[in-house]
Amino acid sequence: MTDKIRSLIQQLDKEENSLFGKDPLLTWQLAEADLRALLLAAETFEELWRANIDTRLFRGGLAVSLFRDKSTRTRFSFASAASLLGLSLMDLDETKTQVAHGETVRETANMISFLTEVIGIRDDMFVGEGHEYMKEVSESLERGFEEGVLPQRPVVINLQCDRDHPTQSLADLMHLQRTFGSLEALRGKKLAMTWAYSPSYGKPLSVPQGIVGLMTRFGMDMVLAHPEGYDLMPEIDFIAQRQASDSGGSFTITHSMEEAFEDADVVYPKSWAPFHVMEARTRYLRGGLADKMDELEKEAIDNNSKYKNWECTEELMSRTHEGKALYMHCLPADITGINCQEGEVAASVFERYRVATYKEAEHKPYVMAAMILLGRFGEPARVLREALERGALRRHT
Amino acid sequence: MTDKIRSLIQQLDKEENSLFGKDPLLTWQLAEADLRALLLAAETFEELWRANIDTRLFRGGLAVSLFRDKSTRTRFSFASAASLLGLSLMDLDETKTQVAHGETVRETANMISFLTEVIGIRDDMFVGEGHEYMKEVSESLERGFEEGVLPQRPVVINLQCDRDHPTQSLADLMHLQRTFGSLEALRGKKLAMTWAYSPSYGKPLSVPQGIVGLMTRFGMDMVLAHPEGYDLMPEIDFIAQRQASDSGGSFTITHSMEEAFEDADVVYPKSWAPFHVMEARTRYLRGGLADKMDELEKEAIDNNSKYKNWECTEELMSRTHEGKALYMHCLPADITGINCQEGEVAASVFERYRVATYKEAEHKPYVMAAMILLGRFGEPARVLREALERGALRRHT
Amino acid sequence: MTDKIRSLIQQLDKEENSLFGKDPLLTWQLAEADLRALLLAAETFEELWRANIDTRLFRGGLAVSLFRDKSTRTRFSFASAASLLGLSLMDLDETKTQVAHGETVRETANMISFLTEVIGIRDDMFVGEGHEYMKEVSESLERGFEEGVLPQRPVVINLQCDRDHPTQSLADLMHLQRTFGSLEALRGKKLAMTWAYSPSYGKPLSVPQGIVGLMTRFGMDMVLAHPEGYDLMPEIDFIAQRQASDSGGSFTITHSMEEAFEDADVVYPKSWAPFHVMEARTRYLRGGLADKMDELEKEAIDNNSKYKNWECTEELMSRTHEGKALYMHCLPADITGINCQEGEVAASVFERYRVATYKEAEHKPYVMAAMILLGRFGEPARVLREALERGALRRHT
């Protein structure tokens with residue numbers, strides 16, 4: 001195990017850490033070397049945990065979380081990453097605080113950061129807002145640090161915004177890497193990111209956008225499939241196209257789930273709300289137009305129900321490469337006959353990949369720890385090596 | 001102090017730890033040796049704290065709590081145990097998470113446990129549910145560990161269910177042990193667990209059940225007293241009968257508080273709702289029958305009020321052994337003239353034993369720490385000895 | 001940096017620590033030596049943090065917070081102080097607990113303190129209550145410790161009550177000390193604590209009372225300015241008068257903002273509700289008189305609006321000493337044209353001092369850490385020196 005860890009750290013050592021002092025808010029703004037470094041650091045943390053090595057790089061200091069939406073797994077992943085690194089978790093709960101009462105973002109960002117090393121934010125409800133908010137926090141911290149208000153510059157982690165979901169997509173990428181053996185092995189593999197039916201409404205776009213925005217960088221043949229009208233943000237298509245072409249892969253859009261599954265190596269069937277619906281919802285919510293909201297929801301659910309056949313069935317799975325494509329999901333999935341009548345995936349398909357999806361999710365705390373490491377330490381490989389060599393045990397044995 | 005600690009550890013060393021990898025959900029399913037080991041470990045932790053020794057066996061990792069009911073003392077006890085052991089507390093607040101929205105228990109149990117060492121659960125609202133839920137979590141974790149999803153197998157601690165309240169009853173047992181000198185000294189002592197009047201309604205059965213289910217194992221003469229109709233779960237009577245007979249003690253039920261107090265060495269007067277009322281309440285709550293609920297509450301409170309004379313008065317106390325029985329309570333008590341007009345106990349009786357009841361409660365964090373220790377470490381005595389010999393101070397001096 | 005820290009600790013070493021085992025609830029009950037010791041300790045902690053020195057004096061144990069009012073900055077300051085010292089934060093959330101349901105304060109204070117080192121309380125809503133509540137908690141802990149219930153005696157920190165706001169006023173004093181060079185340099189400086197207009201209602205009195213109650217001890221010329229009727233608690237005037245006279249400064253009250261600003265070295269313009277309004281509000285709230293409450297609010301807001309000209313404008317600032325008085329605020333400020341139409345301060349004035357007010361706020365976590373240090377350690381200077389000499393790093397480098 002130690003040999004494997006040493007080798008990971010050695011590979012990390014070769015990359016310049018250009019994420020030091022930066023916030024990795026959108027994966028498509030990161031260099032490929034940054035992505036590789038994040039994966040290597042995350043994998044190292046995961047192995048160090050399994051090898052029972054103490055990786056607390058901090059002895060006190062806060063990890064602040066701000067969730068504008070419900071969350072279990074992301075909340076626990078962030079708490080785990082904080083504990084792994086020796087930070088004390090502190091939740092900025094807007095119902096308990098004055099954030100919503102006229103304080104400027106800048107002021108709050110500084111006030112909560114005097115002894116803070118990382119701020120994790122989930123803000124995915126309104127199109128055009130989450131990412132903008134994170135940028136504002138990021139700039140406020142940068143300036144607070146320059147002005148001498150903050151003794152350190154906390155890193156901001158995007159725990160899901162309206163555009164991207166980097167901790168999810170990077171955990172998914174780790175899962176692909178582990179399943180197929182390496183990043184290089186992904187080249188030429190066909191990944192079908194497809195819409196799937198769900199009885200609920202308004203699921204965020206950040207997962208499919210995050211997958212399309214990240215997986216097109218590794219030479220994969222990415223197919224995005226959805227019923228007509230269920231488009232992602234327009235800029236994502238453009239980014240995916242460019243990245244696929246740069247990486248020697250391809251990016252195509254189809255309105256047929258069957259076509260997407262045909263000979264696919266990986267399938268990711270998941271519901272989302274159309275971009276134009278999310279835009280309208282944002283407009284109505286801001287305007288306080290409850291009637292319009294109800295109308296929109298009804299329309300959207302009615303519209304969804306036309307596509308109940310967009311389900312990941314055994315029949316569809318049999319069309320994939322040797323009938324054995326890897327099924328992926330960010331969880332929780334809408335499983336037909338289990339937690340809904342008709343959903344995204346057939347129960348037998350899900351059950352076959354259940355353990356795999358759990359392992360897919362397991363990478364998240366380590367991805368977050370990696371973001372904190374690279375954002376806060378100029379020489380991350382040295383820092384990890386010293387933790388390994390020190391060899392203090394995480395758990396008494 | 002160190003000598004006493006050494007001696008406790010030496011005694012613990014003699015017991016095989018059969019709780020390793022197990023969840024001590026109900027005390028009557030534990031071997032007597034397990035109970036002795038838990039008491040020894042709890043007492044050791046308590047002495048180590050008072051001797052200012054650092055007992056953090058973990059350097060990072062989560063202690064997850066899940067409370068489906070209000071709680072102050074249990075919540076703080078669990079947080080204290082987590083801090084004592086070096087774990088970061090993380091509350092699974094169902095109002096903040098998606099647990100109630102169709103996720104399966106199995107999935108959630110795994111998702112919150114990637115870096116988790118213990119999950120403490122309080123679920124005492126519905127008859128027939130709390131314990132079942134804990135078993136489900138327990139089995140999910142077991143399986144998640146076997147499947148390689150979880151790098152470690154968190155121990156599940158019952159912080160109160162519909163059947164038992166082991167951290168309370170074990171803290172109570174520590175209190176008895178300390179008061180009478182040893183477990184052996186409890187033999188032949190008369191303990192009266194009696195119902196008492198409270199103006200409130202629907203207090204859980206888990207405390208009296210826990211006391212009857214645990215204290216009948218040490219050769220005590222246990223008397224359970226309550227007005228007719230205020231029965232506990234049927235299986236508890238059976239368990240208590242068998243245990244009392246096995247341990248050379250006795251178990252009797254009476255409908256007279258006076259009879260129970262007669263020559264008693266220990267009295268535990270506390271209100272609870274009849275089992276059949278709790279069953280009906282569970283049925284109505286599940287069915288969403290608000291009218292039925294209101295009716296039931298009215299009936300139950302009316303019925304309670306027939307038994308206002310079930311109060312632990314000075315007159316009753318004078319009937320106990322030399323008039324000096326130990327008064328016990330899990331707190332908070334309904335004290336006549338203090339926090340209610342008519343309640344479980346007279347103010348002068350309570351005040352005489354107030355400090356004693358506080359000390360009774362003080363054992364709880366250490367009982368929880370003991371459960372974590374035994375559940376997570378194969379050789380608990382060695383682990384405690386090493387903490388003692390290392391001699392790192394908990395608080396700088 | 002180390003030399004500066006050594007010098008601070010050396011100065012601290014000269015003071016007898018009379019705060020050991022005491023709760024610094026109101027600054028005007030503390031000796032001047034106590035105040036100096038708190039400032040020295042706070043400054044040392046701040047320098048140690050900036051020098052990246054691990055100052056965790058505890059290895060486990062709880063820091064309990066109880067907020068009866070919304071809070072962002074105080075909440076985060078307390079969490080930061082806890083993390084700095086190695087304590088686990090535990091919030092006593094009254095909505096989650098049974099505090100409000102008939103438990104006595106004494107019992108709860110003991111139940112949450114078995115492994116607790118500090119309890120921080122914010123209770124500023126009702127006139128005549130917050131301070132009384134804190135005293136009750138303080139006495140309960142004292143007695144619990146004497147009775148052997150508590151193995152240690154937690155220190156109680158006033159995070160804002162109806163009378164005083166010591167962590168705020170001491171942070172403000174640190175800011176003054178740093179701005180003017182020393183406590184001695186404050187002698188003869190004119191500080192104008194003045195009311196200012198805010199569109200909101202019922203802001204607590206504890207900030208102006210805390211400023212007047214603390215800054216009159218250092219030979220400053222304190223002017224308190226407010227419209228007629230906007231008095232503070234009567235006893236504060238008396239205390240301020242006495243302290244000003246004892247320290248060789250002065251204390252005057254005026255009803256003209258212009259007069260207060262005239263040649264001032266420091267201005268602190270901030271809204272508050274008149275004492276008699278707070279008293280009436282307390283009465284109505286206790287009586288559940290919602291109608292009366294609405295009426296009172298309307299009246300108070302109407303009354304406020306007569307004094308919209310009480311705004312800290314550029315014109316007023318130009319009247320101050322060389323036009324360059326230090327502007328102070330506890331934040332968040334009501335800034336005209338920024339977060340309200342008409343408020344306490346002109347946007348251009350605030351922006352000029354924005355960074356200064358952030359730095360003013362930055363001292364708070366260290367003031368709280370200092371209170372914990374002095375309350376819990378008999379020889380605080382030695383403890384800090386040992387942390388410095390040990391030289392363990394807070395953050396891996």
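Reader: I'm looking at chain A and trying to find the rotation axis. Which residue of chain A comes closest to the rotation axis?

Author: Go to Ser88(A): its C-alpha sits 4.5 Å from the axis, the closest that chain A comes. Keep in mind that this is a predicted model.

Reader: How do I read the relation between chain A and chain B? What turn and what shift lay chain A on chain B?

Author: The idea is to lay one copy on the other and see what turn and shift that takes. Here, a turn of 120° with a shift of 0.1 Å along the axis puts chain A on chain B, with an RMSD of 0.0 Å. The two copies are therefore related as by a three-fold rotation axis.

Reader: And chain C? What turn lays chain C on chain B?

Author: For chain C, a turn of 120° and a shift of 0.0 Å along the axis do the job, and the RMSD is 0.0 Å. Look for Ser88(C) too: in chain C, its C-alpha is the one nearest the axis, at 4.5 Å.

Reader: Now the contacts. How many residues do chain A and chain B bring to their contact?

Author: Read a contact one side at a time. Chain A puts in 30 residues, and chain B puts in 26 residues. On the side of chain A, α2 (32-50), α3 (73-85) and α13 (347-362) each supply at least two residues. Of the elements there, α3(A) gives the most, with 7 residues.

Reader: What classes of residue make up that side of chain A?

Author: The side of chain A that touches chain B has 13 nonpolar, 7 polar and 10 charged residues.

Reader: Let's try the contact of chain C with chain B. How many residues does each chain give?

Author: This contact takes 27 residues from chain C and 30 residues from chain B. On chain C's side, β2 (88-91) and α4 (105-111) each supply at least two residues, and α4(C) has the largest share, 4 residues. By class, that side of chain C holds 12 nonpolar, 10 polar and 5 charged residues.

Reader: Where in chain A is the pLDDT below 50?

Author: Start with the whole chain, then look for dips. The mean pLDDT of chain A is 94, with 97% of its residues at 70 or more. The stretch to check is residues 97-102 of chain A, where the pLDDT is below 50. In the model, that stretch has 17 contacts beyond near neighbours in sequence.

Reader: What ipTM and pTM does the predictor give the complex?

Author: The complex gets an ipTM of 0.96 and a pTM of 0.97 from the predictor.

Note on methods:
Residues numbered from 1 in each chain as written. Chains lettered and ligands numbered in written order. Predicted model: local features only at pLDDT ≥ 70, side-chain atom pairs only at ≥ 80, totals over all residues. Contact = placed C-beta atoms within 7 Å. Nonpolar A, V, L, I, M, F, W, Y, C, P; charged D, E, K, R; others polar. Least-squares fit on C-alpha atoms with pLDDT ≥ 70 in both. pLDDT = per-residue confidence, 0-100.
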